[in-house]
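Q: I am new to this structure and would like a close look at a single part of it. Please take me through that part slowly, in connected prose.

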Amino acid sequence: MAGPGIATLTAWVGETRTHTVTTVDSDGTAVNCSALTLEVIIEQLDRTDVVTIANASITKTSTTVAFAVSSTYHAAESQYRWALRRTDTNLVLMFGPYVVEYAADN
């Protein structure tokens, strides 16, 4: 059985960011999450929770999930980690680094 898929998510300092993630396993095979109850967890590298995004705030299709992360969590350049989990089994479907970077501004 293949493991969870890996994706690096990037956000910009001061911006609310909507992430759309193609849901695949570690072999690159599509994972249909449309009927699953999910949550997204973003945490600091020391495992301190930053934010949890509940199922009601996740848009799901047969090939993607999408969720918004408020600018509140993008106040400064940061390195986090994230995971997409099933809430019924706690199974990790996707995970990876979550990076907040500064983008050039006038």
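Are Phe67 and Trp82 buried or exposed? Please start from there and describe the aromatic pairs together with the strands that carry them.

A: In this model, which is predicted, Phe67 is buried, and Trp82 is buried as well. A search through the whole structure turns up two aromatic pairs. In one of them, the rings of Phe67 and Trp82 have centres 6.3 Å apart and planes at 40°, so this pair is tilted. Because Phe67 belongs to strand 7 and Trp82 to strand 8, the pair ties together parts of the chain that are 15 residues apart in sequence.

The other pair is formed by Tyr80 and Tyr98, whose ring centres lie 6.3 Å apart and whose planes meet at 45°, so that this pair, too, counts as tilted. Tyr80 sits in strand 8 and Tyr98 in strand 9, and with their positions 18 residues apart in sequence the pair links distant parts of the chain. Tyr80 has a relative accessible area of 13% and is therefore buried, since the cut-off for that word is under 20%. For Tyr98 the relative accessible area is 1%, so Tyr98 is buried as well.

The strands that carry these rings can now be placed. Strand 7, where Phe67 lies, covers residues 64-69 and pairs with strand 6 in the antiparallel sense over two bridges; within this pairing, Thr59 has Ala66 of strand 7 as its bridge partner. Strand 7 takes the middle place in an open sheet of three strands, whose order is 3-7-6 and whose pairing is antiparallel. The edges of that sheet are strand 3 (17-22) and strand 6 (59-60), each of which pairs on one side only.

Strand 8, which holds Trp82 and also Tyr80, spans residues 78-86 and pairs with strand 4 (residues 38-44) in the antiparallel sense over seven bridges. Tyr80 itself takes part there, being the bridge partner of Gln44. Strand 8 also pairs with strand 9 (residues 92-101), again in the antiparallel sense, over eight bridges, and among these bridges is the one that joins Arg85 to Val92 of strand 9. The hairpin of strand 8 and strand 9 has five residues between its strands, and Asn90 in this hairpin takes a positive phi near 65°.

Conventions:
Residues are numbered from 1 along each chain as its sequence is written. This is a predicted model: local features need pLDDT of at least 70, side-chain atom pairs count only at pLDDT 80 or more; totals for chains, interfaces and linings use all residues. Side-chain values use heavy atoms; hydrogens and water are left out. Two strands pair if DSSP finds at least two bridges between them. Helices (H or I, at least four residues) and strands (E, at least two) are DSSP runs, numbered from the N terminus. Rings of Phe, Tyr and Trp (its six-membered ring) pair if their centres lie within 6.5 Å; planes under 30 degrees apart count as stacked, over 60 as edge-to-face and the rest as tilted. Buried means under 20% relative accessible area, exposed over 50%, partly exposed in between (1.4 Å probe, protein chains only).
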